[in-house]
Amino acid sequence: QVQLVESGGGLVQPGGSLRLSCAASGSIFSINAMGWYRQPPGKQRELVAVVTSVGSTNYADSVKGRFTISRDNAKNTVVLQMDSLKPEDTAVYYCYGRIRRGWNLAVNNYWGQGTQVTVSS
């Protein structure tokens with residue numbers, strides 16, 4: 001089994017900051033990529049940011065320059081630093097991991113349970 005556990009969501013005023021953390025645990029051989037998706041109210045889940053095992057990053061255009069993703073490969077953790085938050089960033093944020101459980105097993109996608117981020121005055 002593989003688990004991804006998120007922490008750090010909450011309520012923040014526009015212009016404020018939040019830091020989301022996610023730790024992967026369980027039967028893990030390797031992690032190709034880790035990242036964050038979000039699902040705003042009434043909308044589909046969308047990519048926020050992702051980081052590969054070699055440190056390459058990709059961000060949604062809407063968060064570039066405001067959000068920063070980082071990863072600790074040794075600890076199997078990923079952090080999303082969110083600055084200059086806007087009301088449109090309000091969503092449930094999901095941690096994502098593209099994980100191989102064994103050397104001879106396929107890579108699969110795993111998800112955390114989600115954490116609510118609300119940006120409101």
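This report describes the surroundings of Arg-66, the salt bridges linked to it, and the largest nonpolar core.

The structure is a predicted model, in which local features need pLDDT of at least 70 and side-chain atom pairs count only at pLDDT 80 or more, while totals for chains, interfaces and linings use all residues. Residues are numbered from 1 along each chain as its sequence is written, and side-chain values use heavy atoms, with hydrogens and water left out.

**Arg-66 and its surroundings**

Arg-66 lies in the loop between strand 6 (57–59) and strand 7 (67–72), where strands are DSSP runs of E with at least two residues, numbered from the N terminus. Because its relative accessibility is 11%, Arg-66 counts as buried, a term that means under 20% relative accessible area, with exposed set at over 50% and partly exposed in between (1.4 Å probe, protein chains only). Leaving aside residues up to four places away in sequence, Arg-66 touches Gln-81, Met-82, Asp-83, Ser-84, Leu-85, Lys-86 and Asp-89, contact being defined as heavy atoms within 4.5 Å.

**Salt bridges**

Side chains of opposite charge can pair when their charged atoms come close. A salt bridge here is a side-chain nitrogen of Lys or Arg within 4 Å of a carboxyl oxygen of Asp or Glu, and by this rule the count comes to four. The table lists three pairs, among them the one that involves Arg-66.

| Pair | Closest N and O atoms |
|---|---|
| Arg-66 and Asp-89 | 2.7 Å |
| Arg-38 and Asp-89 | 3.0 Å |
| Asp-61 and Lys-64 | 3.1 Å |

The salt bridge between Arg-66 and Asp-89 links distant parts of the chain, since Arg-66 is in the loop between strand 6 and strand 7 and Asp-89 in the loop between strand 8 and strand 9, 23 residues apart. Salt bridges that share partners join Arg-38, Glu-46, Arg-66 and Asp-89 into one network. Arg-38 and Asp-89 are both buried, whereas Asp-61, at 64% relative accessibility, counts as exposed.

**The nonpolar core**

The largest nonpolar core has 29 residues, and those with the most contacts inside it are Trp-36, Leu-80, Met-82 and Tyr-93. Such a core is a set of buried Ala, Val, Leu, Ile, Met, Phe, Trp, Tyr and Cys residues joined through side-chain atoms within 4.5 Å. Among the elements that give two or more residues to this core are strand 4 (30–39), strand 7, strand 8 (77–82) and strand 9 (91–100). Met-82, one of these core residues, is also touched by Arg-66.

Key
Helices (H or I, at least four residues) and strands (E, at least two) are DSSP runs, numbered from the N terminus.
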